[in-house]
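Biologist: Can you pull up the model for me? I'd like to talk through its salt bridges.
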Amino acid sequence: MMLISMAILLNVTFTSEAIAQQGMSWHGSGGWGHGSQYGMMYDPQTIESISGDVVSVDKVTLMHGMHYGVHLTVKTAEGNVSVHLGPAWYIENQDVKITPNDKVTIKGSRITFDGQPAMIAIEVRKGNEVLTLRDPEGYPVWSGWKRQ
């Protein structure tokens, strides 16, 4: 038993060292996870799609203790809509880049955030490109797993 424990400890130590040397790091959900206070605002019963032009792309900290994330303002026929995408470290490392003046279609959960209507995005479509962020139940793709 002692030998097995020692082998596991050495494996974890060397694996962590190898990851650190490659410049990789663990980000965690940063408050953006499904079970977080913010994540629990997601409601699968309010899923809808909107289309419009991106007015702005901003980095914001939505709640105290959260890592900053990426937020869009999208101009639709009904007016501007605030769209929360996800943690900046994840969004910034995706192939699909969203910029002002892009025409997009966004599928997401309508919520009220700070007393204002907003949307937690499931996916953003820009032309033929799709940026997938969550599954329909609200589990973020950056989590790497759904449930334990």
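Modeller: Here is a short run through the salt bridges and the residues that form them.
Modeller: This is a predicted model, so local features need pLDDT of at least 70, side-chain atom pairs count only at pLDDT 80 or more, and totals for chains, interfaces and linings use all residues. Residues are numbered from 1 along each chain as its sequence is written, and side-chain values use heavy atoms, with hydrogens and water left out.

Biologist: How many salt bridges are found in the whole structure?
Modeller: Five. A salt bridge here is a side-chain nitrogen of Lys or Arg within 4 Å of a carboxyl oxygen of Asp or Glu.

Biologist: What does Arg110 meet in a salt bridge?
Modeller: Glu48, at 3.0 Å from N to O. Arg110 is in strand β4 (residues 103-113) and Glu48 in strand β1 (residues 47-60), so the bridge ties together parts 62 residues apart in sequence. Strands are DSSP runs of E, at least two residues; helices are runs of H or I, at least four, and numbering starts at the N terminus.

Biologist: How exposed is Arg110?
Modeller: Partly exposed, at 27% relative accessibility. Glu48 is partly exposed too, at 32%. Buried means under 20% relative accessible area, exposed over 50%, partly exposed in between (1.4 Å probe, protein chains only).

Biologist: Switching over, which residue does Glu92 bridge to?
Modeller: Lys59, with the closest N and O atoms 2.9 Å apart. Glu92 sits in the loop between α2 (88-91) and β4, and Lys59 in strand β1. Lys59 is exposed at 54%.

Biologist: And Asp102, buried or exposed?
Modeller: Buried, at 12%. The Asp102 side chain forms a salt bridge with Lys126 at 3.2 Å, N to O.
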